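Let us walk through this structure together, one stop at a time. Keep the sequence and the 3D view side by side as you read.

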Amino acid sequence: MATEIITTDDLREFKIELLEEFEKLLKQNSGSQQKKWLKSYEVKELLNVSSGTLQHLRVSGMLPYTKVGGTIYYDYQDIQNMITQNKCG
């Protein structure tokens, strides 16, 4: 078995590569921050449901909502909770 010796230069290079990877991940995730409040059209896109299905989720109480003026808003966390609570298996 061959033995490899790790030098301080190797460790420095590893550190630089690791930090670069962390920076890439942070940049990717910072651009994809989820909005707290979503409008109906955004929820329909997110869940891939029709207007009727979204209305059913609202009326049945499965998906809480807030109405301001004539606009309905949904909390992103409520959507995640609904999905988690209705998970099968």
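Glutamine 55 counts as partly exposed because its relative accessible area is 43%, between the 20% and 50% limits that separate buried from exposed. You will find glutamine 55 in helix α3. Keep in mind as you look that this is a predicted model. From glutamine 55, try finding serine 40: the two are 15 residues apart in sequence, and their C-alpha atoms are 9.4 Å apart in space.

Helix α3 has other residues worth a visit. Glycine 52 is in helix α3 too, and with a relative accessible area of 44% glycine 52 is partly exposed. If you look from glycine 52 to glutamine 85, you cover 33 residues of sequence and 21 Å of space, C-alpha to C-alpha.

Arginine 58 is also part of helix α3, which runs over residues 51-59. Is arginine 58 buried or exposed, and what is the nearest side chain of opposite charge? Arginine 58 is buried, yet it has no salt bridge; aspartate 78 is the nearest side chain of opposite charge, and it is 12 Å away. A salt bridge here needs a nitrogen and a carboxyl oxygen within 4 Å, so a separation of 12 Å does not qualify. What does arginine 58 touch instead? Setting aside neighbours within four places in sequence, arginine 58 is in contact with Ser40, Leu63, Tyr65, Ile72 and Tyr74.

Just before this helix comes a loop. Asparagine 48 sits in the loop between α2 (40-47) and α3. Its backbone has a positive phi of about 55 degrees, although asparagine 48 is not a glycine. With a relative accessible area of 71%, asparagine 48 is exposed.

Now for the salt bridges that do form. How many does a search of the whole structure find? The search finds three.

One of them joins aspartate 9 and arginine 12, whose closest N and O atoms are 2.8 Å apart. Both residues lie in helix α1, three residues apart, which is about one turn of the helix. Aspartate 9 counts as exposed, because its relative accessibility is 51% and the limit for that class is over 50%. Arginine 12, at 47% relative accessibility, counts as partly exposed.

Another salt bridge brings together the side chains of lysine 35 and glutamate 42, with 2.5 Å from N to O. Here the partners fall into separate classes: glutamate 42 is buried, with a relative accessible area of 17%, whereas lysine 35 is partly exposed at 43%.

Aspartate 75 and lysine 36 also form a salt bridge, their closest N and O atoms being 2.8 Å apart. This pair links distant parts of the chain: aspartate 75 is in strand β3 (residues 71-75), lysine 36 is in the loop between α1 and β1 (37-39), and 39 residues separate them. Aspartate 75 is buried because its relative accessible area is 12%, which is under the 20% limit. Lysine 36, in turn, counts as partly exposed at 48% relative accessibility. Not counting residues up to four places away in sequence, aspartate 75 touches Lys36 and Trp37.

Let us turn back to helix α1 and to the surface. Which residues form a nonpolar patch there? The patch is made of Phe14, Leu18, Leu19, Phe22 and Leu25, and together they have about 480 Å² of accessible area. Take leucine 18 as an example: it lies in helix α1, which covers residues 8-30. At 37% relative accessibility, leucine 18 counts as partly exposed, and so it passes the cut-off of over 30% that patch residues must meet.

Finally, step back to look at a longer stretch of the chain. The unreviewed UniProt entry carries the annotation "domain: Helix-turn-helix" for residues 37-86. In the model, that span is 54% helix and 22% strand, and its end C-alpha atoms lie 21 Å apart.

Technical notes
Residues are numbered from 1 along each chain as its sequence is written. This is a predicted model: local features need pLDDT of at least 70, side-chain atom pairs count only at pLDDT 80 or more; totals for chains, interfaces and linings use all residues. Side-chain values use heavy atoms; hydrogens and water are left out. Helices (H or I, at least four residues) and strands (E, at least two) are DSSP runs, numbered from the N terminus. Buried means under 20% relative accessible area, exposed over 50%, partly exposed in between (1.4 Å probe, protein chains only). Lys and Arg count as positive and Asp and Glu as negative; His and the chain ends are not counted. Contact means heavy atoms within 4.5 Å. UniProt positions are given in the numbering used here, feature names are shortened, and annotations may be inferred rather than shown by experiment. Patches are made of residues with over 30% relative accessible area and no salt bridge: like charges are joined within 9 Å, nonpolar side chains (Val, Leu, Ile, Met, Phe, Trp, Tyr) within 5 Å. Accessible areas come from the Shrake-Rupley method with a 1.4 Å probe; for residues, only the protein chains shown count as cover.
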